[in-house]
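Trainee: Got a minute to look at this one with me?
Mentor: Sure, pull it up and ask away.
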Amino acid sequence: MGTVNGGISFWYAGSGIPAPREPLPGDTDADVVIVGGGYTGLWTAYYLKQAAPFLRITVLEARFCGYGASGRNGGWLYNGIAGRDRYAALHGHRAAQALQRAMNDTVGEVVRVAAREGVDADIQQGGVLEVARSPAQLARLKAYHESEVSFGETDRILLGAAESARRVRVAGTVGGTWTPHGARVHPAKLVQGLAAAVERLGVTVHEGTAVTAIRAQHAVTPYGTVRAPYVLRCTEGFTAGLSGQRRTWLPMNSSMIATEPLPEQVWATIGWEGREVLGDMAHAYVYAQRTADGRIALGGRGVPYRFGSRTDADGGTSAATVDALRRMLVRMFPAAAGVAVDHAWSGVLGVPRDWCASVHLDRTSGTGWAGGYVGSGVATSNLAARTLRDLVLLDSGQGQRTELTALPWVGHRVRRWEPEPVRWAAVRGIYAAYRGADRRESNGRSAATDPVARWADRLTGH
Ligand SMILES: Cc1cc2nc3c(=O)[nH]c(=O)nc-3n(C[C@H](O)[C@H](O)[C@H](O)COP(=O)(O)OP(=O)(O)OC[C@H]3O[C@@H](n4cnc5c(N)ncnc54)[C@H](O)[C@@H]3O)c2cc1C
């Protein structure tokens with residue numbers, strides 16, 4: 001059998017696409033309406049309903065819960081947060097440390113709540129292993145490790161080539177780092193379980209209901225309008241599709257492949273008994289996990305951005321991207337050379353102009369949002385949701401200021417992306433530069449980061 005291309009993602013290959021919930025039946029009122037049924041929207045509904053069970057909460061989802069990145073991602077539940085260093089520069093080191101501490105706790109929070117709610121998402125807390133595969137990557141990895149430790153992330157350890165290989169034998173590894181703040185998850189099981197959990201709590205979820213406009217206290221759909229004092233936009237990579245939001249967050253594409261289950265002798269060669277989530281230090285980096293059913297799921301950037309902020313059709317992925325990911329798989333794991341790729345897919349994540357995730361509630365209009373996680377949203381969405389909960393409760397007089405409402409990403413504003421064609425040309429140019437730099441670095445002996453990548457880093461604010 002050939003490679004399945006698209007079909008939302010491999011994560012639905014086992015269960016199939018879930019039966020749709022009823023669309024919105026007509027005009028209605030609620031206390032809170034949430035637009036988007038991914039992790040951000042569902043976690044927000046979950047925590048709000050837990051805190052205030054009397055609230056009437058409605059989730060409106062264009063397709064089905066988990067249609068977006070939440071049902072397609074690499075399953076890295078980890079403590080990375082987009083924009084931490086910028087928040088340190090803007091608000092001071094202690095504020096950024098508070099954000100990081102909250103993120104570290106968030107990994108455990110997701111694991112705990114999943115267990116409490118009976119969500120079996122194949123979670124395994126094996127930490128995060130990042131490997132260097134060239135002298136330039138190694139120099140970056142050491143500098144990264146040093147800066148993390150001096151920031152306060154003292155439980156991140158540096159590994160020599162042999163120590164790293166004892167965890168996962170990735171060909172060409174010259175060193176690695178490992179941190180305990182990470183877990184492997186099955187993304188779709190998590191989001192589907194969460195949708196069921198919020199319904200059990202009494203949240204109303206309508207699927208097949210695309211919101212066409214968000215106005216103060218109104219979410220407008222073709223089937224009717226939901227009026228509510230609070231309208232929360234939780235659409236991350238799809239935000240550009242909403243009226244007035246075209247240049248808010250750039251929908252960055254990421255693509256993945258999943259192999260067939262690997263034979264035992266191949267696993268014996270590779271190792272990976274700890275089920276760490278695995279990445280490298282390339283500029284256009286790779287992320288991977290060993291799935292519960294013994295496959296490798298591996299992702300990378302592929303075609304980074306489509307003109308006019310278009311999104312893919314149900315995860316369809318270009319043949320060139322599938323080939324590139326397969327070549328990367330074999331370069332990293334030569335023992336998997338004969339293994340078939342069962343599935344390839346893509347999805348979009350939201351990238352703000354300054355690469356900083358944020359949470360916001362406008363107290364005048366009651367409109368809020370959370371997102372812009374730039375590829376680290378599996379855990380960040382949970383922290384964002386708890387923060388949105390606290391902001392809504394505070395604003396409606398049902399709660400106090402909390403540690404979360406004081407975090408530096410609350411209320412952060414960022415300028416909009418450039419109009420087309422500048423946006424398209426810039427993103428394509430930057431990723432072409434990164435890919436070229438990765439090629440030169442992996443063929444070279446120099447420990448210096450490629451100058452073209454440094455230039456691209458300056459442009460992207462890294
Ligand atoms: C291929 C890929 C791999 C990734 N890997 C990782 C990873 O390993 N670790 C990590 O931390 N992060 C990863 N990410 C990012 C992470 O998955 C996202 O940041 C996170 O899932 C965002 O969740 P969300 O709920 O905000 O958005 P989404 O999950 O995208 O949900 C948004 C929802 O809104 C709905 N929607 C859109 N428009 C409308 C509308 N007008 N009306 C109603 N509903 C609407 C969509 O259908 C969708 O269901 C990855 C992303 C991709 C694409």
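Trainee: How do strand S16 and strand S17 pair?
Mentor: S16 (residues 277–280) and S17 (residues 287–290) run antiparallel, joined by 2 bridges. Strands here are DSSP runs of E with at least two residues, helices are runs of H or I with at least four, and both are numbered from the N terminus. Two strands pair if DSSP finds at least two bridges between them. This is a predicted model, where local features need pLDDT of at least 70, side-chain atom pairs count only at pLDDT 80 or more, and totals for chains, interfaces and linings use all residues. Residues are numbered from 1 along each chain as its sequence is written.
Trainee: And which residue in S17 is the bridge partner of Gly279?
Mentor: That's Tyr287.
Trainee: What's the strand order in the open sheet of 9 strands?
Mentor: S1-S19-S15-S18-S17-S16-S6-S8-S7, with mixed pairing. S1 (4–5) and S7 (157–160) are the edge strands, each with a single partner, so one side of each has no neighbour in the sheet.
Trainee: Switching to the ligand, how many residues surround it?
Mentor: There are 44, counting a residue if its C-beta atom, placed from the backbone, lies within 6 Å of the ligand. The closest are Gly36, Gly38, Gly68, Gly347 and Gly377.
Trainee: Which elements give two or more residues to that shell?
Mentor: Helix H1 (39–51), strand S15 (250–259), strand S19 (341–351) and helix H9 (377–395). H9 gives the most, with 4 residues.
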